[in-house]
Amino acid sequence: MSSVTTSPRAIEATAVTEHCVATYHADLRRQLPRFDLLIAKLAAQYGLAHFQLQSIAELFVALEAALGEHMEMQEQLLFPRLKRLCKQRQDFVLHEQRVAELLHELSRLELRIETLFEEISEVTDGYQAPEGACRSYQYVIEALRSLECQTREHFEAEARLIPLAADDSPPQW
């Protein structure tokens with residue numbers, strides 16, 4: 001009678017992916033639509049007085065799309081493959097190659113997201129609300145700063161998955 005045991009690496013990979021989805025992805029899915037509405041409303045109402053609001057709104061739409069693509073790619077493609085790879089079961093080489101391709105695509109997306117945050121920071125003069133900005137505008141600026149910090153934390157947590165899948169040991173059949 002043979003029993004299948006799950007490796008500590010597979011358990012850790014599962015825990016990290018579930019944490020990323022439950023914590024970071026869930027928060028983003030809750031926050032992004034709210035921010036989108038508020039930023040669009042501010043741009044429509046105060047865009048003439050605060051010209052940078054239109055740029056913020058455009059950059060946020062691009063950021064929201066990139067973050068959405070990033071989360072979908074992870075949840076639908078990368079995380080399931082990493083779990084299988086960490087379990088070291090059948091199709092090891094196929095999964096390893098596809099994981100490398102997905103990681104390359106995700107790094108491209110992460111670079112785009114970082115660039116968008118840099119552009120937002122530049123447009124907002126380092127996440128500073130202009131003099132005389134209403135409380136909603138001040139809230140949006142602070143929320144964008146917080147979103148950037150959370151996203152960096154999110155990327156760092158996900159980066160912990162890579163060493164779990166990159167172990168040099170051969171697959172255990």
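How many salt bridges does the count come to? The count comes to 6 salt bridges in this predicted model. The close-up views below show several of them, along with other sites.

**View 1. D27 and R30 form a salt bridge.** The closest N and O atoms of this pair are 2.3 Å apart. Both residues belong to helix 1, which spans residues 8–46. D27 and R30 are 3 residues apart there, so about one helical turn separates them. D27 is partly exposed, at 26% relative accessible area. R30 is exposed, with a value of 52%. The cut-off for exposed is over 50%.

**View 2. R145 and E142 pair within helix 4.** This helix covers residues 135–159. The two residues sit 3 apart, about one turn of the helix. They form a salt bridge, and the closest N and O atoms are 3.2 Å apart. R145 is partly exposed, at 28% relative accessible area. E142 also counts as partly exposed. Its relative accessibility is 42%.

**View 3. E148 and R152 form a salt bridge in helix 4.** Here the residues are 4 apart, about one turn of the helix. The closest N and O atoms lie 2.8 Å from each other. Is E148 buried or exposed? E148 is buried, because its relative accessible area is 13% and the limit for buried is under 20%. R152, its partner, is partly exposed at 37%.

**View 4. Salt bridges link R29, E72 and E75 in a network.** Three residues take part: R29, E72 and E75.

**View 5. R81 lies in helix 2.** Helix 2 runs through residues 52–87. R81 counts as buried, with 19% relative accessibility. Which residue is 18 residues from R81 along the chain, with a C-alpha separation of 6.6 Å? That residue is V99. The 6.6 Å is the separation between the C-alpha atoms of R81 and V99.

**View 6. C20 and C149 are two cysteines with their own surroundings.** How many disulfides does a search of the whole structure find? The search finds 0 disulfides. C20 is buried, with a relative accessible area of 0%. C149, in contrast, counts as partly exposed, at 49% relative accessibility. That value is not over 50%, so C149 does not count as exposed.

Technical notes:
Residues are numbered from 1 along each chain as its sequence is written. This is a predicted model: local features need pLDDT of at least 70, side-chain atom pairs count only at pLDDT 80 or more; totals for chains, interfaces and linings use all residues. Side-chain values use heavy atoms; hydrogens and water are left out. Buried means under 20% relative accessible area, exposed over 50%, partly exposed in between (1.4 Å probe, protein chains only). A disulfide is a pair of cysteine sulfur atoms within 2.5 Å. A salt bridge is a side-chain nitrogen of Lys or Arg within 4 Å of a carboxyl oxygen of Asp or Glu.
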